[in-house]
Amino acid sequence: MEMEDDERTALLQLSDAQMADVARFSNRYPNIELSYEVADKDDVKSGSPVLVQVQLEREEEVTGPVIAPLFPQKREEGWWVVIGDPKSNSLISIKRLTLQQKAKVKLDFVAPAMGVHNYTLYFMSDAYMGCDQEYKFSVDVKEADSDGDSDSD
């Protein structure tokens, strides 16, 4: 998609109509910037909620149905934002969304036992191959606040 026109034409050796199809698909292929933040990352306590805020922004302004001529009907893009624990191969939190230009997604889960826990944030398309993204992050879970446990008897 980033090749110069001359190089692409020489490499692919397609007719003008076929090259137009390639260009149309390339212009529609999603290039999405993702940023995320774990809210109150330095104050996560066991048993309390953990909130991960994800911001998504499509770089190009061309949107519409997926270009999939062999699919039997019109197909819109669908996206999944998932938090998983690769070590235990478990799903922690998941949201499905449609994305036009920008979106904000909040995923939450209950903080596990005390200690450092490593997670992966996955951003996946249900329509396109090769545009999935993943980001590793960790949460340092502190001991839960004790309720009324004091040594002043």
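Here is a short walk through this structure, from its overall outline to its nonpolar core. Keep in mind that you are looking at a predicted model.

Let's begin with the fold. The chain contains two helices and seven strands. If you follow the sequence from start to end, these elements come in the order α-α-β-β-β-β-β-β-β.

Next, step back and look at the outline. The C-alpha atoms fill a box of roughly 85 × 30 × 25 Å along the principal axes. For a compact globule of 153 residues, you would expect a radius of gyration near 15 Å, but this chain has 22 Å. Even so, 64% of the contacts with a separation of 6 or more join residues 24 or more positions apart.

Now for the inside. Of the 153 residues, 29% are buried. In soluble globular proteins, nonpolar side chains tend to be buried together. In this model, the largest nonpolar core has 28 residues. Several elements each give two or more residues to this core, among them strand 1 (32-38), strand 2 (49-58) and strand 7 (133-141).

Which residues have the most contacts inside this core? They are Val-54 and Leu-56. Take a closer look at Leu-56: leaving aside residues up to four places away in sequence, Leu-56 touches Ile-32, Leu-34, Val-81, Val-105 and Phe-123, among others.

Finally, turn to the surface and the charges. The accessible surface comes to about 10,500 Å², and carbon and sulfur atoms account for 49% of that surface. The chain carries 16 positive and 30 negative side chains, with the centres of the two sets 6 Å apart.

Definitions and conventions:
Residues are numbered from 1 along each chain as its sequence is written. This is a predicted model: local features need pLDDT of at least 70, side-chain atom pairs count only at pLDDT 80 or more; totals for chains, interfaces and linings use all residues. Side-chain values use heavy atoms; hydrogens and water are left out. A nonpolar core is a set of buried Ala, Val, Leu, Ile, Met, Phe, Trp, Tyr and Cys residues joined through side-chain atoms within 4.5 Å. Buried means under 20% relative accessible area, exposed over 50%, partly exposed in between (1.4 Å probe, protein chains only). Helices (H or I, at least four residues) and strands (E, at least two) are DSSP runs, numbered from the N terminus. Contact means heavy atoms within 4.5 Å. The radius of gyration is taken over C-alpha atoms; the globule rule is 2.2 Å times the number of residues to the power 0.38. Accessible areas come from the Shrake-Rupley method with a 1.4 Å probe; for residues, only the protein chains shown count as cover. Lys and Arg count as positive and Asp and Glu as negative; His and the chain ends are not counted. The place of a charge is taken as NZ of Lys, CZ of Arg, CG of Asp or CD of Glu.
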